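These are my notes from a first reading of the entry shown below. I took it place by place and wrote down what I looked up.

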Amino acid sequence: RAVITGAFSYTGAAVARELLTRGWSVHTITNREKPPGTERITATPFRFEKTHLREALEGADVFINTYWIRLPWAGQTFETAVERSKMLFQAAQEAGVSRVVHVSVSNASKGRNLGYYNGKADVEEALRETGLSYGIVRPTLIVGPNDVLSNNIAWFLRHFPLFAIPGGGDYRLQPITLDDTARIIASAVEESSNIEVDAAGKTVMTFREYVELLARACGVRRLIFGAPAWLSFFALRVVDGVMSDVTLTKEELLGLEQELLLSHEPAQGEESVEEWLMKNGDALGQTYLNDIDRHFGKNGAIPVLNPCSKE
């Protein structure tokens, strides 16, 4: 029996689907509504109260933690996210869960100068200190349906004749498909020893090359050029005001520029990100995905993905 956070969100939904195909029973802690056809998954509301979490975790053989925040918002900070992650681990211990698999981020320890990465590294340390059997999976850039970054880049490419890349985009990344990520996490669930592994795809490319790939997948020709970071951020803040969202944070750009989405291990991904994008290009960028609204607004209870459907 597996308990997972966010089985009706993004990464958590893909992991839940993979575990179901492997014969696991799945329970989720979530504040999203159950999508149709998910009778095989039981659910508990997400509430950060120790007794409540312990009860949700009782009877589980493994706990998969996908909880995190993309940016500080609505009173939540990276520091509170660290403390809430520790609460989840403690609840798992008290519930008698024998193994925890935590979804972190590539190069967490190398990004200590950035709040997002520093917090992820702190959570990794907290898990190691529990004494529980554990797996830590560190994805790079996860590419799949309803992926906010890739979709919204595609949206910009579809709607504007020019696309300015902060700093020129020569920094490298190593994207991986959502299904590959789920497979790697599920394999970590079924391991018995402590493991720490990157989830990265087969192909290394520059960010500029990734944007150009997205343009080809969408079937559009655009002038893609490098621009000073300050100018790009000024333009993005204007867009943020119009869309009531945060399209790209300064920390996210710094993480890209420091090549923190590049693995230094043998690639675990098996699928081609390029092939996935070209196959699904018609759906990319058709609508703008408002990440703030998805997590904190009126759509905060709407499922992002249905783990019991490939649609």
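**Gly-144 and its loop.** I began with Gly-144 and asked whether it is buried or exposed. Its relative accessible area is 4%, so Gly-144 is buried. I should record here that the model is a predicted one. Gly-144 sits in the loop that runs between strand S7 (142–143) and helix H5 (148–159). I listed its contacts, leaving aside residues up to four places away in sequence, and found Tyr-10, Leu-178 and Trp-276. I also checked Gly-144 against Arg-1: they are 143 residues apart in sequence, and their C-alpha atoms are 26 Å apart in space.

In the loop between S7 and H5 I also looked up Asn-146. Its phi is near 70°, which is positive although the residue is not a glycine. With a relative accessibility of 31%, Asn-146 counts as partly exposed, because buried needs a value under 20% and exposed one over 50%.

**Another positive phi.** I noted Glu-259 as well, a residue other than glycine whose phi is positive, near 55°. Glu-259 belongs to the loop between H9 and H10.

**Helix H6.** Leu-178, one of the contacts of Gly-144, led me to H6, residues 178–189. I tested its length. Twelve residues at 1.5 Å a residue should span 16 Å, and the end C-alpha atoms are 17 Å apart, so the two agree. How many of the twelve residues of H6 are buried? I found nine, so the helix is largely enclosed by the rest of the structure. The buried ones are Leu-178, Asp-180, Thr-181, Ala-182, Ile-184, Ile-185, Ala-186, Ala-188 and Val-189.

**Helix H1.** I turned next to Thr-11, which lies in helix H1 (residues 11–21). Its relative accessible area is 15%, so I put Thr-11 down as buried. Beyond residues up to four places away in sequence, Thr-11 touches Ile-142, Leu-178, Thr-181 and Ile-185. Leu-178, Thr-181 and Ile-185 are among the buried residues of H6.

I then went through the whole of H1. Ten of its eleven residues are buried, and the helix is mostly covered. The buried set is Thr-11, Gly-12, Ala-13, Ala-14, Val-15, Ala-16, Arg-17, Glu-18, Leu-19 and Leu-20. What do these buried residues pack against? My list has S1, strand S2 (26–29), strand S3 (41–44), strand S4 (62–65), S7 and H6. After H1 comes Gly-23, with a positive phi near 95°.

**Thr-5 in strand S1.** S1 is on that list, and I picked Thr-5, which is in this strand (residues 2–5). Its relative accessibility is 1%, so Thr-5 counts as buried. Not counting residues up to four places away in sequence, I found Thr-5 touching Gly-12, Thr-28, Ile-29, Phe-46, Phe-63, Ile-64, Asn-65, Thr-66 and Tyr-67. Which backbone nitrogen does the side chain of Thr-5 reach? It is that of Thr-66, at 2.8 Å. I also took Thr-5 with Ile-195: 190 residues separate them in sequence, and 20 Å separates their C-alpha atoms in space.

**Helix H4.** I repeated the length check on H4 (residues 115–129). Its 15 residues reach 21 Å from first C-alpha to last, close to the 21 Å expected at 1.5 Å a residue. Its buried residues are Tyr-117, Gly-119, Lys-120, Ala-121, Val-123, Glu-124, Ala-126 and Leu-127. I looked up what they pack against and found helix H3 (78–94), strand S5 (99–103), strand S6 (133–139) and helix H9 (250–257). Gly-131 follows H4, and its phi is positive, near 85°.

**H7 against H10.** Two packed helices are described by the angle between their axes and the distance between the axes. For H7 (residues 207–218) and H10 (residues 273–280) I noted an angle of about 35° and axes 8 Å apart. On the H7 side, Tyr-210, Leu-213, Leu-214, Arg-216 and Ala-217 take part, and they meet Val-273, Glu-274, Leu-277 and Met-278 of H10. I sorted the residues of this contact into seven nonpolar, no polar and two charged.

**Cysteines.** I looked for disulfides and the structure holds zero. Cys-218 has a relative accessibility of 9% and so counts as buried. Cys-308, at 30% relative accessible area, is partly exposed.

Note on methods
Residues numbered from 1 in each chain as written. Predicted model: local features only at pLDDT ≥ 70, side-chain atom pairs only at ≥ 80, totals over all residues. Heavy atoms only, no water. Helix = DSSP H or I, 4+ residues; strand = E, 2+ residues; numbered from the N terminus. Expected span 1.5 Å × (residues − 1). Buried < 20%, exposed > 50% of the residue type's maximum accessible area, 1.4 Å probe, protein only. Disulfide = S-S within 2.5 Å. Axes fitted to C-alpha atoms, helices over the stretch in contact; angles between N-to-C directions. Contact = heavy atoms within 4.5 Å. Nonpolar A, V, L, I, M, F, W, Y, C, P; charged D, E, K, R; others polar. Polar contact = N/O pair within 3.5 Å; in protein donor to acceptor, adjacent residues only side chain to side chain.
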